[in-house]
Amino acid sequence: MSIIHELSPEVVSLIAAGEIIERPAFALKELIENAIDANAGQISISLTHNGLTQMIVEDDGKGMDSQDVLLSWKLHTTSKLHTPDELHSIHTQGFRGEALASIAATGTLTIQSRQKNSQLGYEIVIRKQKRVKEGKIGMPVGTRMIVENLFESLPARQKFLQSPQTELRHCIEVVTTYAISHPGIRFILKHNGHILIQVSTTTDPLERLTALFDQDLVDSLLPVNYQESYVTLQGFISHPSKATSSSSKQFIFLNHRPIKDSLISGSIKEAMRELLPQNKNSVFFLNFTIPNELIDVNVHPRKEIVRFASPTTVYSAVQSAIQEMLLSNSLTFQSTLQNNQTTAKITDSLAGAFLKEIKKNGEIELFKKIVCTQIHNTYIVFETKTGFMFVDQHAAQERTLYEQLKIKFQAEQKKNKTVQIRAALSLSKAEILLVDEYEAVFKTFGFTFEKKKNKNKEKMYLISVPALFSDRDPIPIFEEILSDVENGIAIRTTDTLTHQMLTYIACHQSVKAGDVLTQKQMQGIVHELQKVPNKFTCPHGRPTMIEIPLHDLHKRFQRI
Ligand code: ADP
Ligand code: MG
């Protein structure tokens with residue numbers, strides 16, 4: 001006897017709902033998207049008890065007629081998609097026809113809608129997936145969606161919810177996100193009767209950001225406008241001095257649709273790497289415009305994740321866009337500090353809370369002749385004109401070597417200088433494929449390969465390496481780079497790979513914490529560091545030197 005049967009529509013809706021409506025904010029997201037798709041000029045949201053008891057989303061969009069109201073909440077009913085081909089040219093926020101069905105499956109959904117050419121609107125109420133009320137009502141043009149007791153039919157889900165504040169925070173984040181991407185729409189968000197967000201319509205994205213965020217943050221934003229191949233990138237990124245510990249103010253939009261893409265955020269972090277203190281994140285609002293046929297939006301039930309036809313084109317555009325933005329704002333680590341009138345704080349956990357960097361004018365004045373002391377075989381300490389300085393011996397030398405190697409490498413690369421070798425690599429099949437994939441990128445460095453087949457097995461040889469490797473074993477460095485590429489750590493552009501390769505060499509050649517240094521060596525490390533760019537951080541982003549101002553000492557000894 002057959003044991004397979006078709007699931008009832010109710011169960012199918014509940015399963016879809018389980019994926020889509022994990023928390024109140026997700027229901028809210030779907031309702032806002034529908035209002036946007038209906039060309040709303042205003043969206044008003046009212047939540048009671050973080051959206052769990054009641055969520056009302058009202059818009060002044062095009063509305064629905066009674067027939068559509070009756071159809072709209074059924075699973076896989078949509079007005080936004082007709083043929084399979086259209087899946088590749090979606091311009092609306094929604095298209096899966098699952099949202100209203102999912103909401104109706106978990107709680108009580110009231111839909112009220114009126115079109116411009118009707119005198120009256122139409123209302124239906126659905127509870128436990130059954131229509132319990134319907135009829136004409138008086139209402140303004142547009143749609144009002146009322147969701148009550150969101151998890152009535154999925155009580156288990158309630159247990160997985162986080163604290164009420166967290167759930168509310170997620171709802172606020174959703175409204176903020178769409179308010180950023182749609183400055184032309186007026187948004188109002190109320191919670192238990194109190195207004196939390198109210199923004200009026202504007203054509204200026206900065207004006208919208210000012211309405212949503214701290215003025216100080218908005219003042220620090222630097223514009224990004226970039227085009228490479230078919231990717232256009234527009235938006236803002238915060239000045240490095242306004243980097244934050246959390247990554248919650250990072251907004252990525254693709255064709256004005258919010259998405260999450262850890263590799264894009266990773267690329268941005270990577271591009272800002274040398275300017276950001278460790279564990280700090282940039283704030284950014286970036287919209288990518290990419291032709292619809294080169295993206296796939298149909299890979300995630302909540303449409304948060306998309307697939308790119310050529311991810312490397314996108315990631316390389318991100319890196320170049322940020323580099324161009326940094327250059328046009330003459331941003332190097334030093335000038336970051338110079339431009340910033342306030343104190344740049346890079347706290348060193350090891351040195352304790354009171355050790356703060358104080359470079360109000362970017363430069364710390366050193367005496368011509370310094371006498372160094374080494375403490376704990378890790379830090380070099382000496383007197384400066386304004387206080388005294390701690391230098392991390394490893395980080396400092398690493399930065400110096402890195403910058404010296406970079407100049408050498410770039411010069412050699414220009415002349416295509418390589419060294420011929422023949423060294424066998426022990427690579428898996430997957431790694432060989434990876435080398436094949438990135439062969440062109442590796443070649444720009446001077447890495448070339450040869451494959452030999454031996455008893456059905458492929459063996460790969462390194463045939464040439466950058467001249468920089470003439471007196472170093474290239475194999476461990478190459479293997480390290482490859483494993484980073486494999487693990488997706490490295491954003492696969494020439495620039496990042498150069499950075500990794502040079503960092504690796506610099507790191508391995510530098511003195512370590514624990515190495516005992518002579519006076520001459522210490523002075524050498526300090527003086528060499530002063531000559532290179534980006535001297536305040538090591539290539540991994542850690543501080544190289546921290547000055548304690550005399551002023552702070554005087555204060556602690558209560559002299560002032
Ligand atoms: P989708 O948005 O994927 O089409 P939904 O379940 O969210 O699926 O909505 C189903 C349909 O109901 C939409 O295609 C749209 O035609 C209609 N609809 C939903 N919300 C609104 C609204 N606020 N204004 C006008 N029409 C709406
Ligand atoms: Mg929808």
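Me: Which residues of helix H9 (residues 262-272) are buried?
Reply: This is a predicted model in which local features need pLDDT of at least 70 and side-chain atom pairs count only at pLDDT 80 or more, while totals for chains, interfaces and linings use all residues, and side-chain values use heavy atoms, with hydrogens and water left out. Residues are numbered from 1 along each chain as its sequence is written, while chains are lettered from A and ligands numbered from 1 in the order in which they are written. Helices (H or I, at least four residues) and strands (E, at least two) are DSSP runs numbered from the N terminus, and a residue is buried under 20% relative accessible area, exposed over 50% and partly exposed in between, with a 1.4 Å probe and protein chains only. By that measure, the buried residues of H9 are Ile264, Ser267, Ile268, Glu270, Ala271 and Met272.

Me: Which residue of strand E22 (residues 545-549) stands opposite Met389?
Reply: Strands pair if DSSP finds at least two bridges between them, and E18 and E22 are joined in the antiparallel sense over five bridges. Strand E18 (residues 387-392) is mostly covered, with five of its six residues buried. Opposite Met389 in E22 stands Glu547.

Me: What is the bridge partner of Ile380 in E18?
Reply: Strand E17 (residues 379-383) runs antiparallel to E18 and is joined to it by five bridges, and the two form a hairpin with three residues between them. The partner of Ile380 in E18 is Val391.

Me: Which strands stand at the edges of the open sheet of five strands?
Reply: The order of this sheet is E9-E10-E13-E11-E12, with mixed pairing. Each edge strand has a single partner strand, so one side of each is left without a neighbour in the sheet, and these two are E9 (221-228) and E12 (257-259).

Me: At what angle does helix H6 (residues 164-181) run to strand E11 (250-254)?
Reply: Helix H6 lies across E11, E12 and strand E13 (284-289). Axes are lines fitted to C-alpha atoms, for helices over the stretch in contact (heavy atoms within 4.5 Å), and angles run from 0 to 180 degrees between N-to-C directions. The angle of H6 to E11 is about 55°.

Me: How many residues does the largest nonpolar core have?
Reply: A nonpolar core is a set of buried Ala, Val, Leu, Ile, Met, Phe, Trp, Tyr and Cys residues joined through side-chain atoms within 4.5 Å. Among the residues with the most contacts inside the largest one are Ile32, Leu109 and Phe187. The number of residues in this core is 55.
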